[in-house]
Amino acid sequence: MPHLFAIMRARVLAALADDLPGLAPELLARVEVTPTREAAHGDMATNAAMVTAKPAGRKPQDIATALVARLKDDPDIAEASVAGPGFVNLRLVESTWRAEIPAILTAAESYGDGNVGQGIRVNVEYVSANPTGPMHIGHCRGAVVGDALANLMAKAGFDVTKEYYINDAGNQVLALAWAAYWRYLQAIGTPLTEDEYAQLVPGGLQYRGDYLVPVGEALKARHGDSLAAPGGHVGPPEAWLDIVRDTTLDLMMASIREDLELLGVRQAVFSSERALVAAGAADTTIEQLRAKNLIYEGILEPPKGKTPEDWEPREQTLFRATKFGDDVDRPLRKSDGSNTYFANDIAYHADKVRRGAQIMIDIWGADHGGYVSRMKSAVKALGDGTATAPTLDIVLCQIVHVLKDGEPVRMSKRAGTFITLRDLLDEVGRDAVRFTMLTRKSDAQMEFDIAAAVAQTRENPVFYVQYAHARCRSVLRAASEMLGPEATAPAALAGVNLETLSHEAELALIRRLASWPRVVESAAIAREPHRIAFFLYDLAGDFHMLWNRGRDDAALRFLQPEQRADTLARVALVAATATVIRSGLAVMGVTPVEEMR
RNA sequence: GGACCCGUAGCUCAGCUGGAUAGAGCGCUGCCCUCCGAAGGCAGAGGCCGAUGGUUCGAAUCCAUUCGGGUCCGCCA
């Protein structure tokens, strides 16, 4: 069902068509009906007259006046007027606003579900941390933003798949296997020192973290000392490398999945890069692009201003990314003929398309910013150039600086001071982590102050929103005792007379509740889940204000023992508020609380 | 040298894809609990939206130039 703003927009368009038939659809698409910023301007405003004035060859005020004349007869519109340069301001009759309350109570948390998505298949890929260690704070923002965005898109009517791409191919996985083998040798009691072992490792020993100790133990438990040469020495890699690598990857991914679970993130699909490589997907994709004449052998210019020391011209297999808006053509095969990571990545996106994705959304860290245009051009190249071709959106999450006791927490794997996701969750809790990560738009850098995230004050939006919900629930519990559970069940409340809800603070709250579906819609289209957090904060503010009025004047409290009808109407409003808060928190993946402790 | 992101109140940030007099929290000033809904609320001060040009009915928002801060820059992943 279309929401109130969409309904009114349709009526504005109908009124407009009466006056000015045959306007171009592109023009009509620019007509919007939005909430007004100033209460003095009414409830909603439309720019219809201003965007159509020039093509229609008439003054905006004239068109607006004609619109007003037609809209005045609408039973839902109490007042329509021309304002400023040609706005049409609308004030709806109060009962139309109030009618949203039963709509909310009937729909429950599905209130706000929309259909702008039209069932389009969207693949949201996020986290995709390399399986070389536990998740750390650097992964956290992308995980939360991706998960909330996926929920948001689903709520807006898209058919969403949540996905994780496992980077389990390439050299870093071999380095991981060697590091795990080191822990294995320790587990079986090798006489080798760390330095002696490091000498034997191609590329040196990386990944020295403790988290591989259990992996070494697991390898010992499964294989005894059979993976090592006699005496606890390094055996020939052919004899152990595959086994150690596979076991280590499994255990690392299991650990990452536990971290994700703790964060409340559940992805439906885990795609393996190694599986794609084994299937020859990159080669297939390169041939596909070659058939479109987008592949050639060539030599790239060195980057200007910062030529690497060891730079020398080399012939590589290049993709004509510049044809699709990238700055330079990009290598798909190295000079030695092997495929680049980029080639695998194109193959991976082609695979998502093959599995049905119409819109792909990748959530990346800011350090991959330089990668955006080449990936987008690759996806364009894979498509047929039509409007229905699969698209790729990339949401970049800027860096998060973690503050503890006012001091920045330095992240350094080498120094062993990096905070794991688990540490953060232990300290702050899942709900506060998720909410706080969504209180900035993702392309702005953010400071995450651990103390602020757990503070129980208004400056902490997590607390403020949770507190509003807890207060709602507290009222509802008391109402249930006072009036009986039957009378205060949502279905019963949906049928009560709401005409006594006429105070400005009550109507303001109702208007806020009614704007929720529109927020879902616009945030989904903009791919900006942080808007949900800000909406909830504003909503909580409206509710706290109303609550506070009851504190100043007992006659304005929600529960009035002597006035059953008034009380039921107010309880219905409170129940609707709690419902919308839950609906919003569900998108964010945050648990609503029943009471503050 | 180039690409991308950010620049809005003293501080931390919103600003719904070009709309009306630019908003919130913190901090600051002044109010609101002998008891009942104060981990909260009300009111006030505080702005050249980094700068300069441009586009048009209209710009914090779009374009160009420029100044600060950040990320990144053949074959690593």
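Ala108 is partly exposed in this predicted model, with a relative accessible area of 31%. Ala108 sits in the loop that runs between helix 6 (100-107) and strand 5 (121-125). The phi angle of Ala108 is near 55 degrees, which is a positive value in a residue other than glycine.

A positive phi is also found at Tyr207, where the angle is near 50 degrees, again in a residue other than glycine. Tyr207 belongs to the loop between helix 9 (194-200) and helix 10 (213-223). Is Tyr207 buried or exposed? With a relative accessibility of 18%, Tyr207 counts as buried, because the limit for that class is under 20%.

**Two further buried residues**

Leu318 is part of strand 9 (residues 315-319). Its relative accessible area is 0%, and Leu318 is therefore buried. Leaving out residues up to four places away in sequence, Leu318 touches Leu294, Ile295, Tyr296, Gly298, Ile299, Leu300, Asp329, Arg330 and Pro331. Gly356 lies 38 residues from Leu318 along the chain, and the C-alpha atoms of the two are separated by 27 Å.

Asn344 is located in helix 14 (residues 341-354). Asn344 is buried as well, with a relative accessible area of 12%. When its neighbours within four places in sequence are set aside, the residues in contact with Asn344 are Tyr165, Glu273, Val277, Ala282 and Asn339.

**The surface near RNA strand B**

Which residues come nearest to RNA strand B? Of the 64 residues around the strand, these are Arg37, Arg314, Trp547, Asn548 and Arg551. Sugar and phosphate make up 61% of the atoms of RNA strand B that come within 4 Å of the protein.

Several elements of secondary structure supply at least two residues each to this surface: helix 3 (48-56), strand 4 (87-92), helix 8 (171-187), helix 19 (461-483), helix 22 (516-526) and helix 23 (530-552). Helix 23 gives the most, with eight residues. By type, the residues of the surface near RNA strand B divide into 25 nonpolar, 18 polar and 21 charged.

The table sets out polar side-chain contacts with the strand.

| Residue | Part of RNA strand B | Distance |
|---|---|---|
| Asn89 | base nitrogen | 2.6 Å |
| Asn171 | phosphate oxygen | 3.4 Å |
| Tyr464 | phosphate oxygen | 2.7 Å |

The side chain of Asn89 thus has an N or O atom 2.6 Å from a base nitrogen, while the side chain of Asn171 has an N or O atom 3.4 Å from a phosphate oxygen. For Tyr464, a polar side-chain atom lies 2.7 Å from a phosphate oxygen.

**The second largest pocket**

Rolling a probe the size of a water molecule over the atoms shows where empty space is left. The second largest pocket has a volume of about 780 Å³. Among the 27 residues that line this pocket, Pro35, Thr36, Arg511, Arg512 and Ser515 are the closest to its centre. Two or more lining residues come from each of strand 4, helix 5 (94-98), helix 21 (504-514), helix 22 and helix 23.

What is the division of the lining of the second largest pocket into nonpolar, polar and charged residues? The lining comprises 11 nonpolar, four polar and 12 charged residues. Strand 4, helix 22 and helix 23 appear in the lining of this pocket and also in the surface near RNA strand B.

Key. Residues numbered from 1 in each chain as written. Chains lettered and ligands numbered in written order. Predicted model: local features only at pLDDT ≥ 70, side-chain atom pairs only at ≥ 80, totals over all residues. Heavy atoms only, no water. Helix = DSSP H or I, 4+ residues; strand = E, 2+ residues; numbered from the N terminus. Buried < 20%, exposed > 50% of the residue type's maximum accessible area, 1.4 Å probe, protein only. Contact = heavy atoms within 4.5 Å. Near = heavy atom within 4 Å. Polar contact = N/O pair within 3.5 Å; in protein donor to acceptor, adjacent residues only side chain to side chain. Nonpolar A, V, L, I, M, F, W, Y, C, P; charged D, E, K, R; others polar. 1 Å grid on protein atoms, 1.4 Å probe; cavity = no way out; pocket = protein on both sides within 12 Å on 5 of 7 lines; lining within 4 Å. Points joined across faces, edges and corners; volume = space filled by probe spheres on them.
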